[in-house]
Amino acid sequence: MNSTLHVHMKNKAASASYTRNRSSGPLSAIRVRPAAGNPRRGWLTAGHLTIPVALGRGGILANKREGDGGTPRGSYRPRQLWWRGDRHSRPGTFLPARVIGNADAWCEDPGDRHYNQPIRLGREQGGDRLKRADHLYDFIIEIDHNTRPRIAGRGSAVFLHLARDNFGPTAGCVSMTKSAMLQLLRRLGPRTKIIIG
């Protein structure tokens, strides 16, 4: 093979590889919108992917409060993936990932200094434990809602997670099927904007 042709083929292969990797990299933004006629259901659009999602029982709210069941309107970024390593292998994602342990929980008490932060609980302590008997929290995408600054009562534990079998409303999160979650995770990175509303 002559050297000119060999260099051209090598460059073409490198170019195809670069294009393929770039197109499957993290998205700059994804969008969650309510479905027409049902504020508890919605659509998540991520590039060419459009998937049905369940929203909070209060729909999408601009003025999110603790316990209102609303999914907060706004622009957020994913912080990390939490997943059940005892049930699933680590999914492909550009996000930092952490296995959910027995003591992992989330503080939802506005009076606590750890409000809207991950905490570790002993066996006898209550709280929103991340390791659940059902499958809702098998994959959790933590987002930066109410983090900088954290304001007591403005909502906590707002995640993207798995949906109930009946696709029922959440307490304020965005939920989806496992197959949709795995597709979405492959396109999420820490700089991806999650636009809700």
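Asp138 is a buried residue, since its relative accessible area is just 1%; buried here means under 20% relative accessible area, exposed over 50%, and partly exposed in between (1.4 Å probe, protein chains only). The model is a predicted one, so local features need pLDDT of at least 70 and side-chain atom pairs count only at pLDDT 80 or more, while totals for chains, interfaces and linings use all residues. Residues are numbered from 1 along each chain as its sequence is written, and side-chain values use heavy atoms, with hydrogens and water left out.

Asp138 has a charged partner. Arg87 meets Asp138 in a salt bridge, with the closest N and O atoms 2.6 Å apart; the term covers a side-chain nitrogen of Lys or Arg within 4 Å of a carboxyl oxygen of Asp or Glu. This pair links distant parts of the chain, as Arg87 sits in the loop between β7 and β8 (97-99) and Asp138 in the loop between β11 (128-129) and β12 (139-143), 51 residues apart. Strands such as these are DSSP runs (E, at least two residues), as helices are (H or I, at least four), and they are numbered from the N terminus. Unlike buried Asp138, Arg87 is partly exposed, at 30% relative accessible area.

The whole structure has eight salt bridges. Another one brings together the side chains of Asp104 and Arg120, at 3.0 Å from N to O. Here too distant parts of the chain are linked, with Asp104 in strand β9, Arg120 in strand β10 (residues 118-120) and their positions 16 residues apart in the numbering. Asp104 is buried, with a relative accessible area of 3%, whereas Arg120 comes out at 58% and so counts as exposed. Arg132 and Asp134 form a salt bridge as well, at 2.7 Å from N to O. Both ends of that bridge are partly exposed: Arg132 has 26% relative accessibility, and Asp134 has 30%. Elsewhere, Arg84, Asp86 and Lys131 are joined into one network by salt bridges that share partners.

Arg132 also has an aromatic neighbour. It lies over the face of Tyr137, 4.8 Å from the ring centre; a charge sits over a ring if NZ of Lys or CZ of Arg is within 6 Å of the ring centre and within 35 degrees of the ring normal. Tyr137 in turn belongs to a cluster in which ring pairs link it with Trp82, Trp106 and Phe159.

The structure holds three aromatic pairs. Rings of Phe, Tyr and Trp (its six-membered ring) pair if their centres lie within 6.5 Å, and planes under 30 degrees apart count as stacked, over 60 as edge-to-face and the rest as tilted. Trp82 and Trp106 have ring centres 6.2 Å apart and planes at 80 degrees, which makes the pair edge-to-face. Trp82 is in strand β7 (residues 78-83) and Trp106 in strand β9 (residues 104-106), so that distant parts of the chain, 24 residues apart, are linked. Both tryptophans are buried, with Trp106 at 4% relative accessibility. Trp106 also pairs edge-to-face with Phe159, at 5.1 Å centre to centre and 90 degrees between the planes. Since Phe159 lies in strand β13 (residues 159-162) and Trp106 in β9, that pair ties together parts 53 residues apart in sequence. Phe159 is buried too, its relative accessible area being 2%.On the strand side, β1 (residues 29-35) and β15 (residues 193-196) pair in the parallel sense over four bridges; two strands pair if DSSP finds at least two bridges between them. Ile30 stands opposite Ile194 in β15. Strand β1 also runs antiparallel to β2 (residues 38-46), joined by five bridges, and Val32 faces Leu44 in β2. The hairpin formed by β1 and β2 has two residues between the strands, and Gly37 in the turn shows a positive phi of about 85 degrees.

A few backbone oddities turn up in the loops. Arg148 and Pro149 are joined by a cis peptide bond, with omega about 0 degrees, and Pro149 lies in the loop between β12 and β13. Asn146 lies in the loop between β12 and β13 and has a positive phi of about 55 degrees despite not being a glycine. Asn116, in the loop between β9 and β10, is not a glycine either and has a positive phi of about 55 degrees. Asn146 is buried at 10% relative accessible area, and Asn116 is buried at 6%.
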